[in-house]
Amino acid sequence: MTVFDLAVTDALLSTTRAVRKRLDLERPVPRAVINECLELSLQAPTGSNKQGWSWIVVTDAKKRAALADLYRKGAGSYLQDAEKESAAQNGDSQDTRVFSSAVYLAERLQDVPVHVIPCINVEHMVENPPRAAWAGVMGSIFPAIWSFQLALRARGLGSALTTLHLRCEDEANALLGVPDGVMQVALLPVAYTIGTDFKVAKRPPASAVTHWEQW
Ligand SMILES: Cc1cc2nc3c(=O)[nH]c(=O)nc-3n(C[C@H](O)[C@H](O)[C@H](O)COP(=O)(O)O)c2cc1C
C-alpha cells in the first residue's frame with residue numbers, strides 16, 4: 001500500500017530542477033500563488049521548532065534591478081570563467097550547461113517577475129559559532145526553501161536556488177531593510193516555466209554515496 005500516488009510524488013521530487021533559461025519573463029505571477037507556496041513551505045521542520053524564518057518577496061522593478069546588480073557584483077567573473085573552463089575541459093557536459101544557464105540568469109535576473117529571499121533569525125548565535133550551530137541554523141531554513149520550490153513546480157512555476165548576491169550582504173540588507181539578527185540565505189527568482197517537461201538529472205547512484213552501518 002502506498003500513501004500517495006508514487007508516480008506523481010516521485011516525478012515531483014526527481015524533476016524539480018534549477019530553472020533559469022526556461023523562466024517565463026513575460027507572464028505575471030499572481031501574489032496568491034506565492035502566498036500559497038509560502039504557506040506550504042511553513043510546514044517544513046525547524047530546529048527546536050523555532051520557525052525563525054522570514055520571507056522577503058520583491059516584485060518592484062527598481063528593487064529587482066538593484067538586486068540583480070548586487071548578484072552580478074557578487075558573481076564577478078566567476079560564472080563566465082567557470083563556463084569557459086568547463087567547456088574547454090568537458091565540452092557540452094552537465095556542468096557546462098549549468099554554467100551557461102547560470103550566466104543567462106545573471107544577465108536577466110532583473111527581468112524575472114518575482115524575487116523571493118528566505119531569511120533566518122540568527123540573533124541567538126554566538127560569535128564564531130561551532131559547526132553544529134550552522135547545521136541547526138541552515139537546517140532550519142533549507143527544508144522550507146525546498147518545499148517552496150516543490151510547491152512552485154507543482155503549480156507550473158519554477159525557481160533556482162541562488163546565493164551569489166549574499167557576497168554583497170550588507171548592501172542587500174540596506175536595500176531591503178533587513179534588521180540586525182536576521183540573515184538572508186538565498187535569492188529565488190520565481191516565474192512560470194516555459195513548458196513543464198523537466199527531466200530527471202544524471203546523478204551517481206545512491207549506493208556510491210551511502211555507507212551502511214559505518215563509513
Ligand atoms: C547552496 C546552493 C547555492 C546555489 N547558488 C546558485 C547561484 O548562486 N546561482 C545559480 O545560478 N545557481 C545556484 N545554485 C543552483 C545549482 O547550480 C543547481 O542546483 C545545480 O546545478 C543542480 O541543478 P539542478 O538543481 O537542476 O539539479 C545553488 C544551489 C545550492 C544548493
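The accessible surface of the chain comes to about 12,700 Å², and 55% of that area belongs to carbon and sulfur atoms; accessible areas come from the Shrake-Rupley method with a 1.4 Å probe, and for residues only the protein chains shown count as cover. The model is predicted: local features need pLDDT of at least 70, side-chain atom pairs count only at pLDDT 80 or more, and totals for chains, interfaces and linings use all residues. Residues are numbered from 1 along each chain as its sequence is written, and side-chain values use heavy atoms, with hydrogens and water left out.

**Exercise 1. Describe the overall build of the chain.**

Step 1. Count the elements. The chain has 8 helices and 5 strands, where helices (H or I, at least four residues) and strands (E, at least two) are DSSP runs numbered from the N terminus.

Step 2. Put them in order. From the N terminus on, they run α-α-β-α-α-α-β-α-α-β-α-β-β.

Step 3. Check the compactness. The radius of gyration is 18 Å, close to the 17 Å that the globule rule gives for 215 residues, so the chain is as compact as a globular protein of that length. The radius is taken over C-alpha atoms, and the rule is 2.2 Å times the number of residues to the power 0.38.

Step 4. Add the box and the burial. Along the principal axes, the C-alpha atoms fill a box of roughly 45 × 40 × 40 Å. Of the 215 residues, 42% count as buried (buried is under 20% relative accessible area, exposed over 50%, partly exposed in between, with a 1.4 Å probe and protein chains only).

**Exercise 2. Find the two faces of helix H2.**

Step 1. List the buried residues. In H2 (residues 31-41) these are Val33, Ile34, Cys37, Leu38 and Ser41.

Step 2. Look down the axis. The buried residues of H2 fall within an arc of 135°, so they line one face of the helix; the arc is that of the directions from the helix axis to the C-beta atoms.

Step 3. Recall the helix geometry. An α-helix has 3.6 residues a turn, so residues three or four places apart point the same way.

Step 4. Turn to the other face. Arg31, Ala32 and Glu39 are the exposed residues on the face of H2 turned away from its buried side.

Step 5. Identify the cover. Strand S1 (53-58), strand S2 (114-121) and helix H7 (142-154) are among the elements that cover the buried residues of H2.

**Exercise 3. Examine two salt bridges.**

Step 1. Start from the total. The whole structure holds 5 salt bridges (a side-chain nitrogen of Lys or Arg within 4 Å of a carboxyl oxygen of Asp or Glu).

Step 2. Take arginine 22 and aspartate 197. Their closest N and O atoms are 2.8 Å apart. Arginine 22 lies in the loop between helix H1 (6-15) and H2, and aspartate 197 in the segment after S5, so the pair ties together parts 175 residues apart in sequence. Arginine 22 is partly exposed at 27%, whereas aspartate 197 is exposed at 58%.

Step 3. Take arginine 72 and aspartate 69. In this salt bridge the closest N and O atoms are 2.9 Å apart. Both residues lie in helix H3 (residues 61-75), 3 residues apart, about one turn of the helix.

**Exercise 4. Place histidine 165.**

Step 1. Locate the residue. Histidine 165 is in the loop between S3 and helix H8 (169-176).

Step 2. Read its accessibility. Histidine 165 counts as buried, at 0%.

Step 3. Name its contacts (heavy atoms within 4.5 Å). Leaving aside neighbours within four places in sequence, histidine 165 touches residues including Leu67, Tyr71, Ile117 and Gln184.
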